[in-house]
Amino acid sequence: MRQVLPPHLGAGEHIDWQAAEARWGTRFPQDYMAFMSEYGVGSIGAEDSIGEIGILSPFPTESGLLPPDDFEDETGNARYVWETEGQDQEALDIKPEHILAWGYTSGADILCWLTSDPDPDKWPVLLFDRQELLVPCTIVPCGMVEFLRKVLVHELDSYSIDFTPVARFTHWGKQR
């Protein structure tokens, strides 16, 4: 990930993972914990592009960003989208309580984990396309960091965001 998206000096979060697990009732994937340690809460974007991916925290931060920068609201949004639109997708058997948001895009997409596996390192990405260019939700069979890497190097045939000229990560503290 560092090769396609170098973190900037001072990025990263110190998160009390035991408190996060207690708040959300689950452990978190190792790749997410490593990402938070290296990059932290913030956004992936580029100077000449309107596309952006926001990375959420398990706890609120005081960034003043919109949409909110913790899991709470986006998880609620994703569960609502699933209950109102996603359940028509007969191929997917998803319980709303197994949806946990970790990010969002400037295109109003919600990036989640499907948490039905007891091993968080096996959680696939669950993508909610609120513009419904795709079906309302799609399972992408990889973890969060691999999903981000694939988006950045244009390896996902069914989903893309253009970061022109080059993607960069901006920590929420620098965005303030």
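Which residue takes a positive phi in the hairpin of β3 and β4? In this predicted model, that residue is A108, with a phi near 75 degrees, and the hairpin has four residues between its strands.

The two strands of the hairpin, β3 (residues 99–105) and β4 (residues 110–114), pair in the antiparallel sense over five bridges. Within this pairing, G103 stands opposite L111 of β4. β3 also pairs with strand β2 (residues 53–55), again in the antiparallel sense, over three bridges. G103 takes part here too, as the bridge partner of I55. Seven of the seven residues of β3 are buried, so the strand is largely enclosed by the rest of the structure.

L100 lies in β3. Its relative accessible area is 5%; because buried means under 20%, L100 counts as buried. Leaving aside neighbours within four places in sequence, L100 is in contact with W24, T26, F28, F71, T75, C112, W113 and T115. The C-alpha atoms of L100 and L111 are separated by 8.6 Å, and the two residues are eleven apart along the chain.

The largest nonpolar core has 52 residues, and W102, F128 and F147 have the most contacts inside it. Helix α4 (residues 144–152) supplies the largest share of this core, six residues. Not counting residues up to four places away in sequence, F147 touches W102, L111, V125, V140, C142, L156 and Y159.

Helix α1 (residues 17–24) has a polar contact at its start, where a side-chain oxygen of D16 reaches to within 3.2 Å of the backbone nitrogen of Q18. After α1 comes G25, which has a positive phi near 70 degrees.

Key:
Residues are numbered from 1 along each chain as its sequence is written. This is a predicted model: local features need pLDDT of at least 70, side-chain atom pairs count only at pLDDT 80 or more; totals for chains, interfaces and linings use all residues. Side-chain values use heavy atoms; hydrogens and water are left out. A nonpolar core is a set of buried Ala, Val, Leu, Ile, Met, Phe, Trp, Tyr and Cys residues joined through side-chain atoms within 4.5 Å. Buried means under 20% relative accessible area, exposed over 50%, partly exposed in between (1.4 Å probe, protein chains only). Contact means heavy atoms within 4.5 Å. A polar contact is a pair of N or O atoms within 3.5 Å; within protein, one must be able to donate a hydrogen and the other to accept it, and residues adjacent in sequence count only if both atoms are side-chain atoms. Two strands pair if DSSP finds at least two bridges between them.
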